[in-house]
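Trainee: Could you take me through one part of this model closely, starting from a sheet and moving outward to whatever surrounds it? I would like one connected account rather than a list, with the terms made clear where the reasoning needs them.

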Amino acid sequence: MNTPSRLGLVVIGAGPAGLGVAIAAARAGLDYEVVEKGAVVDSIYRFPKGMTFFTTAELLELGNLPFVTPYAKPTREEVLQYYRRVADTHRLAVSLGERVESIDPEADGFAVATVVERPGGAPLARTRHARSVVVATGTYGQPNALGIPGEDLPHVSHYFDEPHPCHRRRVVVVGGSNSAAEAALALCRAGAVVTLVHRRERLSGSIKYWVKPDVENRIAEGSIAARFESQVVRIGPDGVVVEGPVGREELPADVVYLLTGYRPDVALLERAGVRVDPQTLTPAHDPRTFETNVPGLYLAGAIVSGTDGNRVFIENGRFHGAAVVKAIVAGADARG
């Protein structure tokens, strides 16, 4: 039996996959807790305001709770509201604003060390002890850095929020996939002067089918300027230097969005002893149970696929929890 000081399970990350694990754990009677460094579904919270999802509402559902919307595709705001409702309806045990610092194997489980930053006060450290740990931290927390001068300037961001503050301002958007295309369109329609910079000769074929022709038409008519087969080599206080087919040029920029994708932060896993492929950042795991090479340490959600963002989405990652909890319960039964 678990003692009061040792949980059956700690889940790291309160995204859809982490919430799915929590629901499965509660149904199995496991004593669990979810630890999240930000808000519930924090990655979705970081999506642009007003964004429309590519998928339909029923493919985002968790815990047999219907997702009702009048639209064919739900918006970011609806999805945030839905997952808040999931957490409240199922009374999920979620601790927010707690960053996990380490997962240390110990006798009969793990010690999970966390830190809570407190404005005006010293950080609060805490350690939980659990028989099993599930890491469900997704892939949206660590942007792909370009590694160029000026990337850390205050007017440069790897996340796009909303276009209104960029009205009548010169904006450079770097990237060629969904995030960059949608940001460029929103900025253009908000009255910004937009230039899109992409290292390939054309936009990604994976852009949402209703977005791709729209952004291509805006580029063709000149509403959005574009530099294809071009790379940003330096960012200054009021301009971006790019190299492309016409050589080197400086584009004026009051705001720069580097929307070049994201990658999983696997450092926590590596410190815990999980083997991670250095090229794909895929953690070693059993594809049936999602248990890593460290016994008792599991994965759930997009982090299982490393940098291959086209393999695991909310639609299928939400089911990982049932498989993980089934394996945890089976392991506990086998130990007696």
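Mentor: Before we start, a word on naming: helices (H or I, at least four residues) and strands (E, at least two) are DSSP runs, numbered from the N terminus. Please also keep in mind that this is a predicted model.

The part I would choose is an open sheet of five strands, which are ordered E8-E15-E9-E10-E11 and pair in parallel fashion. Strand E8 (156-157) and strand E11 (225-227) are the edge strands, and because each has a single partner strand, one side of each is left without a neighbour in the sheet. As general background, strands of a sheet pair through backbone hydrogen bonds, either parallel or antiparallel. Within this sheet, strand E9 (residues 170-174) and strand E10 (residues 193-197) run parallel and are joined by five bridges. To follow the register by residue, you can set arginine 170 opposite valine 193 in E10, and then take valine 171, whose bridge partner in E10 is valine 194. E10 is mostly covered, since four of its five residues are buried, where buried means under 20% relative accessible area.

From E10 the chain leads us to the loop between E10 and helix H5 (212-221), where tryptophan 210 lies. Tryptophan 210 has a relative accessible area of 30% and is therefore partly exposed. Together with Phe54 and Tyr209, Trp210 makes a nonpolar surface patch of about 350 Å².

Helix H5 itself deserves a careful look for its charged side chains. Arginine 218 forms a salt bridge with aspartate 214, with the closest N and O atoms 2.6 Å apart, and because these two residues are four residues apart in helix H5, about one helical turn separates them. Arginine 218 also forms a salt bridge with glutamate 221, here with the closest N and O atoms 2.8 Å apart; these residues both lie in helix H5, three residues apart, which is again about one turn of the helix. Arginine 218 and aspartate 214 are both buried; for arginine 218 the relative accessibility is 18%, so arginine 218 falls into the buried class. Seen as a whole, the salt bridges link Arg189, Asp214, Arg218 and Glu221 in a network.

On the other side of our sheet's sequence, in the loop between E8 and E9, sits aspartate 161, and its salt-bridge partner takes us far along the chain. The side chains of aspartate 161 and lysine 49 meet in a salt bridge (2.9 Å, N to O). This pair links distant parts of the chain, 112 residues apart, for lysine 49 belongs to the loop between helix H2 (42-45) and helix H3 (76-89). In contrast to the buried pair in H5, aspartate 161 is partly exposed, with a relative accessible area of 35%, and lysine 49, at 43% relative accessibility, also counts as partly exposed. For scale, the whole structure holds 19 salt bridges.

The loop between H2 and H3 is also the place of threonine 75. Threonine 75 touches Met51, Thr52 and Phe53, leaving aside residues up to four places away in sequence, and at 19% relative accessibility threonine 75 counts as buried. On the other side of H2, in the loop between strand E2 (32-35) and H2, you will find valine 41. Most residues other than glycine have a negative phi. Valine 41, although not a glycine, has a positive phi of about 40 degrees, and valine 41 is buried, with a relative accessible area of 1%.

Finally, it helps to place the sheet against the nonpolar interior. The largest nonpolar core has 88 residues, of which Tyr83, Ile103 and Leu297 touch the most other members. Apart from that core lies another, of 13 residues, among them Val197, Val232, Val242 and Leu251. Since strand E10 covers residues 193-197, Val197 is where your reading of the sheet meets this second core.

Terms used: Residues numbered from 1 in each chain as written. Predicted model: local features only at pLDDT ≥ 70, side-chain atom pairs only at ≥ 80, totals over all residues. Heavy atoms only, no water. Pairing = 2+ DSSP bridges. Patch = residues over 30% accessible without salt bridge, like charges linked within 9 Å, V, L, I, M, F, W, Y side chains within 5 Å. Areas by Shrake-Rupley, 256 points an atom, 1.4 Å probe, with all protein chains shown as cover. Salt bridge = Lys/Arg side-chain N within 4 Å of Asp/Glu carboxyl O. Buried < 20%, exposed > 50% of the residue type's maximum accessible area, 1.4 Å probe, protein only. Core = buried A, V, L, I, M, F, W, Y, C linked by side-chain atoms within 4.5 Å. Contact = heavy atoms within 4.5 Å.
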